[in-house]
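Trainee: I'm new to this one and would like a tour. Could you put it up so we can talk it through?

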Amino acid sequence: MNEIAKIVSQIIDLQDILIVGHIMPDGDDISSVASLTLSLKQLGKNCFGSIDYKIPDYYKVFAGVNEIRSYEELTDFTPQLIIVLDSSSPDRVGRFEPMLSNHRTIVIDHHATNTLFGDINWVDTSYAATAQMVYTLNKVLGITYDSELATTNLMGMATDSGFFRFSNTDERLFKDAAELVRFGAKPYFIATTILENKRPEQMKLYCTMINHMILEDSLVYSWLSYEDYLENNCVEDDSTGFVSEMRALKDVEVAILFTEFPKNEIHVSFRSKNWFDVSRVASILGGGGHSRAAGCSFKDAELEDVMKEVVSLTKDFLQGGVK
Ligand code: 5GP
Ligand code: MN
């Protein structure tokens, strides 16, 4: 039996199902959790979706997102099955992590750095988005798509492919997206909600990032300190997508953005353009991701120290020509 068939058989057999996404959720993660939860409810399952992290408000207009529960709301729920989505390692699920070792767990993910921590692991890096894997699974499960579910599901495919621009954009992604559009998904609504919904304060924060930018050969990096967020009346989510804009620079191969929020908690976002595998650097630093988009985090750290360490490590890899 292949992994999809095994997953289908578990879903059919079991009634109480918890669907979990990752901390610092992105569009793909939120789309995947909301879409699969709506779908399994359609099958009559006693099913809850949860993410142990704040979900940015602008995602709440997508069907199913408002029903994603917090960790606290589910402490009394005893699932027979946990499905973990878009998470490359168990620490990505936040406080749900200890539950994984004593519950039947299915992992559905497209990250090359996945540690295969489930009882069943459907990990396939050829998918542009976990939301696309959810769509593939839903077709086997015979889920009916209305315009709302189709839009929620398409949102993850759009965001994880940079709106069909990144190197993971292929024929199958367009085909799956086209099927969802046929079911009533609204690409224009997704694009305007995600891309054209910025507060003026975010634009000012963006200027701060551009002002801090340092360009050294094919590497560009910048930072936003906790003070920068406070001065611009912003929170961490407000800088989502900023790092990709630095990659737009001519002749740049690697872009890195260091964000400190709150004080002494630093997230590092890596992006590359043509050949450099940023997930290798992120993995060495305790994080993970994809070859062209990866990240890692540091706690109780000084922004300047993290920047020095990460920039120097990245340069070693870049100068060594390591792919
Ligand atoms: P971002 O830079 O947008 O935060 O993340 C880019 C990619 O790297 C995403 O696919 C995300 O899941 C992954 N990623 C970001 N931070 C971490 C981390 O701390 N650990 C792991 N394993 N993956 C990360
Ligand atoms: Mn993803």
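Trainee: Let's start with ligand 1. How far is its oxygen atom from an N or O atom in the side chain of Arg 92?

Mentor: Keep in mind that this is a predicted model. The partner on the protein side is an N or O atom in the side chain of Arg 92, and an oxygen atom of ligand 1 sits from it at a distance of 3.2 Å.

Trainee: And which residue offers a polar backbone atom to a nitrogen atom of ligand 1?

Mentor: Two more contacts are worth a look here. An oxygen atom of ligand 1 is 3.4 Å from an N or O atom in the side chain of His 290. For the nitrogen atom of ligand 1, the polar backbone atom is 3.3 Å away and belongs to Gly 288.

Trainee: Which residues come nearest to ligand 1?

Mentor: There are 15 residues around ligand 1. Of these, the ones that come nearest are Ser 88, His 111, His 267, Ser 269 and Arg 271.

Trainee: Now the metal. Which residues coordinate the manganese ion (ligand 2)?

Mentor: Follow the spacing of the donor residues along the sequence, which reads D-x57-D-x23-H-x49-D. Asp 28 lies in helix α2 and Asp 86 in the loop between β3 and α3, so this pair ties together parts that are 58 residues apart in sequence. Both Asp 28 and Asp 86 are buried. At 2.1 to 2.3 Å, the manganese ion (ligand 2) is coordinated by Asp 28 (OD), Asp 86 (OD), His 110 (NE2) and Asp 160 (OD).

Trainee: What about Ser 87: is it buried or exposed?

Mentor: Ser 87 has its place in the loop between β3 and α3. The cut-off for buried is under 20% relative accessible area. Ser 87 has a relative accessible area of 0%, so it counts as buried.

Trainee: Which backbone oxygen does the side chain of Ser 87 reach?

Mentor: Leaving aside neighbours within four places in sequence, Ser 87 is in contact with several residues, including Gly 21, His 22, Arg 92 and Phe 117. The backbone oxygen that its side chain reaches, at 3.0 Å, belongs to Leu 85.

Trainee: Asp 109 is on that contact list too, I think. How far apart in space are Asp 109 and Ser 87, C-alpha to C-alpha?

Mentor: Yes, Ser 87 is in contact with Asp 109. Asp 109 is in strand β4, while Ser 87 is in the loop between β3 and α3. They are 22 residues apart in sequence, but in space the C-alpha to C-alpha distance is 6.3 Å.

Trainee: Which side chain does a polar contact of 2.6 Å join to that of Asp 109?

Mentor: Asp 109 counts as buried because its relative accessibility is 0%. Not counting residues up to four places away in sequence, it touches Asp 86, Trp 122, Thr 130 and Met 133, among others. The polar contact of 2.6 Å joins the side chain of Asp 109 to that of His 111.

Trainee: Thr 130 sounds like a way into helix α4. How many of its 12 residues are buried?

Mentor: Helix α4 covers residues 130–141 and reaches 16 Å from its first C-alpha to its last, close to the 16 Å expected. Among its buried residues are Thr 130, Met 133, Tyr 135 and Leu 141. Just after α4, Gly 142 takes a positive phi of about 75 degrees. The helix is mostly covered, and the buried count out of 12 is 10.

Trainee: Last topic, salt bridges. Which residue forms one with Asp 57?

Mentor: The count for the model comes to 13 salt bridges. Asp 57 counts as exposed because its relative accessibility is 52%, and its partner is exposed too, at 51%. The closest N and O atoms are 3.7 Å apart, and the partner is Lys 54.

Trainee: And which residue meets Lys 263 in a salt bridge?

Mentor: The N to O distance in this salt bridge between Lys 263 and Glu 227 is 3.1 Å. The pair links distant parts of the chain, 36 residues apart, with Lys 263 in the loop between β8 and β9 and its partner in helix α9. That partner is partly exposed, with a relative accessible area of 35%. So the residue asked for is Glu 227.

How values were computed
Residues numbered from 1 in each chain as written. Chains lettered and ligands numbered in written order. Predicted model: local features only at pLDDT ≥ 70, side-chain atom pairs only at ≥ 80, totals over all residues. Heavy atoms only, no water. Helix = DSSP H or I, 4+ residues; strand = E, 2+ residues; numbered from the N terminus. Expected span 1.5 Å × (residues − 1). Buried < 20%, exposed > 50% of the residue type's maximum accessible area, 1.4 Å probe, protein only. Contact = heavy atoms within 4.5 Å. Polar contact = N/O pair within 3.5 Å; in protein donor to acceptor, adjacent residues only side chain to side chain. Donors = N, O, S within 2.8 Å, 3.2 Å for Na, K, Ca; no water. Salt bridge = Lys/Arg side-chain N within 4 Å of Asp/Glu carboxyl O. Near = heavy atom within 4 Å.
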